[in-house]
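Below are my notes on the structure, set out as numbered points. Please read them with the structure open.

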Amino acid sequence: MTELLALVIALAPVVGAVAAWLAGRRGDARLAMLVAAAGMLAAFAAASGLAVWALASGPESAFGGLVTVDAFSAYVLLLVAAVATVALAASPGYLGHVRAEGAMPPLEEGTYWALLALFSGGLATVPLVNNLGLIWVGIEATTVVSALLVGFTRLPRAIEAAWKYLILGSIGIGFALLGTMLVFAAAGTAADSANALAWTYLVAHGRSLDPGLLRLAFVFALVGYGTKVGLAPFHTWLPDAHSQAPGPISALLSGAGLAVALYALARFHLVVVAALGPAFSSTLLVVFGLFSLAVALPFIVAQGDLKRLLAYSSIEHLGLATLALGFGGRLALLGFALHLFCHGLAKASAFVAAGRLVEEAGSHRIGRLGGSLTRSPASGRSLLAASLLLSGLPPSGIFVAELAILFGGVAAGWTLAAGAAAVLLALAMAGLLFHMARVAVGPDGVRGARVAVRARTALIMAAPLAVVVAAGLWTPSPVSAALDQLVAILGGGHG
Amino acid sequence: MTISAATASSLIDAFAAGIVVLGVFIAVTRSLGRMIWVTALQSMLVGASAVTVALATGIEHLAVGGALAIAVKGVVVPLVLGSILRQSSVRTERRPIVSPRISFLLAVVIVFVATEATHDVHVSATLGATRALPAAISTLLTGLLIVMTRRKTLSLVVGLLVFENGIALAAFSLVYAMPLVVELGALFDLLIVVVVAWVYARRMLDVFGTLSTDELRNLRG
């Protein structure tokens with residue numbers, strides 16, 4: 001059964017992508033959408049099923065251990081499935097807008113659907129594989145596919161953003177490959193080559209790894225996957241790519257893409273913790289997490305572009321998640337788990353809404369988008385609500401998570417870092433809300449007819465936010481049992 | 001056909017020296033055409049070291065990886081890049097961010113630093129080819145140097161290839177028992193990166209009418 005589900009997750013999007021591309025070539029955009037959506041939904045259903053099963057009955061493995069789903073993988077699978085469903089649901093609206101502008105032939109729509117299926121399928125495959133080398137292959141593949149999506153509009157700025165993303169992403173990911181190879185070398189000749197990259201093997205045999213090589217490996221992995229996570233100072237591609245991509249793609253990049261990269265980095269971290277204890281890699285994670293918070297802040301406060309504002313907010317939030325991982329300890333790790341999921345959903349909703357506002361107004365400038373609550377009520381309200389949640393105001397899962405991370409940091413002995421993070425978060429909240437209030441009710445926006453949207457569209461933006469609010473109020477007992485499993489893994493025996 | 005470990009390690013050391021010298025040359029030259037073909041030559045040397053390791057150790061899939069590296073990075077990629085070059089009016093890197101003389105100086109510094117820094121690192125599973133690791137690190141850094149100091153789209157792709165050659169040298173000659181699926185995945189991904197870069201280079205030609213990244217200065221802050 002696990003074999004079957006894993007195959008569906010990895011292959012259904014590929015089949016859907018090929019079919020969508022062929023349908024696009026035949027000029028049938030609607031068929032392209034249907035086959036791509038079918039492939040993606042099959043994969044998301046399989047991913048959710050496999051994740052729930054693994055959480056209920058313990059780690060699942062298949063294909064001789066090549067596919068292994070523990071609570072951490074299951075968590076990321078659920079996150080990817082949820083965020084990618086939002087991106088999928090928002091895509092017809094985006095393409096409809098592009099079509100109304102008269103810009104896109106059906107061939108392009110087929111390509112869009114094919115790339116979207118490949119991108120989300122790749123994201124869902126990474127947490128399945130129990131092999132650091134194949135995790136690398138998956139992340140590199142999603143980088144390339146998403147680079148094509150970033151430049152999809154072919155506007156000069158989008159091409160510039162995609163180009164930077166491709167070059168910087170490839171260099172970053174090259175460092176990650178070097179880190180992966182050094183882990184392999186650190187496992188030495190004791191392991192046979194099949195399982196020397198399996199994270200289950202590496203965590204279980206941490207003591208037999210070469211410590212010097214492993215330290216070097218982690219530094220390279222941190223630079224490499226850190227580039228993909230958007231950790232400062234390797235983040236410079238992120239605001240460009242996430243602001244120039246189509247709205248649904250920004251949602252998927254920010255909500256799920258960054259989390260999957262952080263997942264890869266976390267697997268390295270867990271191997272290093274098993275081998276050397278928590279001191280080395282945790283300290284690095286805290287330093288880079290805090291630095292990302294600090295670097296994102298001025299760009300949030302002084303931002304003039306709505307989508308770049310959200311992109312810098314992603315750098316801030318992923319910095320916080322990295323910080324939480326570095327803090328360790330039960331409380332901070334619970335915060336990490338809650339935070340990454342809630343951020344993914346809230347940011348997906350925010351990017352979909354922001355994308356709609358930007359396309360309606362024909363401008364990214366915050367100064368031109370004022371008064372969105374009256375001009376485009378559904379999108380305007382969703383963006384405002386998402387911003388309130390993202391800034392960390394209660395009631396929301398993000399509020400609870402941020403408190404847990406900060407108190408967890410103090411409890412784990414990182415008092416100074418937690419204090420600095422609290423100050424940075426408060427300032428970033430003020431900056432984000434200032435700009436978002438201007439977008440909501442500011443007097444200086446473009447004049448335009450009131451934009452009505454279908455109920456379905458409003459639901460796509462509102463539903464993820466409802467989940468985030470609910471997560472701050474109520475934890476059902478199966479969820480808390482799942483969170484316990486996750487924290488036990490992330491704690492690496494030191495939690 | 002097999003060769004002894006001693007022969008293999010001296011062969012690999014010779015290839016490694018060649019790879020480093022070619023890397024320095026790529027960092028210094030301003031002709032885009034020359035950059036592309038010298039990089040192809042460098043990639044072939046990387047593939048040849050992989051084949052050498054395969055012959056000495058009997059790990060067959062490494063020979064496959066080496067042969068593929070020669071075919072893909074030594075032949076296919078340069079042909080693709082050459083076709084872009086023919087469509088564009090740009091032939092030389094007219095104003096690199098630092099002058100060739102300084103590039104040369106920096107490249108030499110990189111070689112020395114890489115050699116010094118890897119002096120104490122010992123990787124158990126090697127054939128005793130002592131120059132491979134410093135050569136890999138300095139090639140990788142040379143690639144970064146090229147990416148950071150050039151303005152033309154094609155130069156950046158070449159820098160990326162040099163960077164990847166450094167990684168591949170490390171992969172093939174140091175941790176040569178990596179599972180085949182990982183090696184193939186890495187090679188395949190590289191090919192896709194170059195294809196995507198080609199797609200974007202063509203779009204840049206269409207939209208900006210040039211292959212210079214000077215046009216790419218709109219996204220700030």
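1. In this predicted model, α8(A) and α11(A) pass each other in a right-handed crossing. Helix α11 covers residues 279-301 of chain A, and its axis comes within 11 Å of that of α8(A), at a crossing angle of roughly 25°. Angles under 35 degrees count as roughly parallel, so α8(A) and α11(A) are described as roughly parallel to each other.

2. Which residues of α8(A) and α11(A) make the contact? From α8(A) they are R215(A), F218(A), L222(A) and G226(A). On the α11(A) side they are F280(A), S281(A), L284(A) and F288(A). Sorted by class, the residues of this contact are five nonpolar, two polar and one charged.

3. The domain assignment splits chain A into three parts: domain 1 spans 1-130, domain 2 spans 132-277 and domain 3 spans 278-495. Between domain 2 and domain 3 of chain A, the C-alpha centres are 22 Å apart. Contacts across this pair involve 33 residues of domain 2 of chain A and 35 residues of domain 3 of chain A.

4. On the domain 2 side of that boundary, α8 (211-229), α9 (237-244) and α10 (247-276) of chain A each contribute at least two residues that touch domain 3 of chain A. The most comes from α10(A), which supplies 17 residues. By class, this side of domain 2 of chain A holds 21 nonpolar and 11 polar residues, with one charged residue.

5. One residue of chain A deserves its own entry. V98(A) sits in helix α3, residues 71-100 of chain A. Is V98(A) buried, exposed or partly exposed? A residue needs 20 or more other C-beta atoms within 10 Å to be buried, and 12 or fewer make it exposed. V98(A) has 18 C-beta neighbours inside 10 Å and therefore counts as partly exposed. Its C-alpha atom is 9.2 Å from that of T153(A), although V98(A) and T153(A) are 55 residues apart along the chain.

6. Chain B has seven helices and zero strands. Read from the N terminus, its elements run α-α-α-α-α-α-α. Of the 221 residues in chain B, 48% are buried. How far apart in sequence are the residues that chain B contacts join? Taking contacts in chain B between residues at least 6 apart in sequence, 78% link residues at least 24 apart.

How values were computed
Residues are numbered from 1 along each chain as its sequence is written. Chains are lettered from A and ligands numbered from 1 in the order in which they are written. This is a predicted model: local features need pLDDT of at least 70, side-chain atom pairs count only at pLDDT 80 or more; totals for chains, interfaces and linings use all residues. Domain bounds come from an automatic or database domain assignment. Two residues are in contact if their C-beta atoms, placed from the backbone, lie within 7 Å. Helices (H or I, at least four residues) and strands (E, at least two) are DSSP runs, numbered from the N terminus. Ala, Val, Leu, Ile, Met, Phe, Trp, Tyr, Cys and Pro count as nonpolar, Asp, Glu, Lys and Arg as charged, and the others, Gly among them, as polar. Axes are lines fitted to C-alpha atoms, for helices over the stretch in contact, and angles run from 0 to 180 degrees between N-to-C directions. Angles under 35 degrees count as roughly parallel, over 145 as roughly antiparallel, 65 to 115 as roughly perpendicular and the rest as oblique. A crossing is left-handed if the near helix is turned anticlockwise from the far one by less than a right angle, and right-handed if clockwise.
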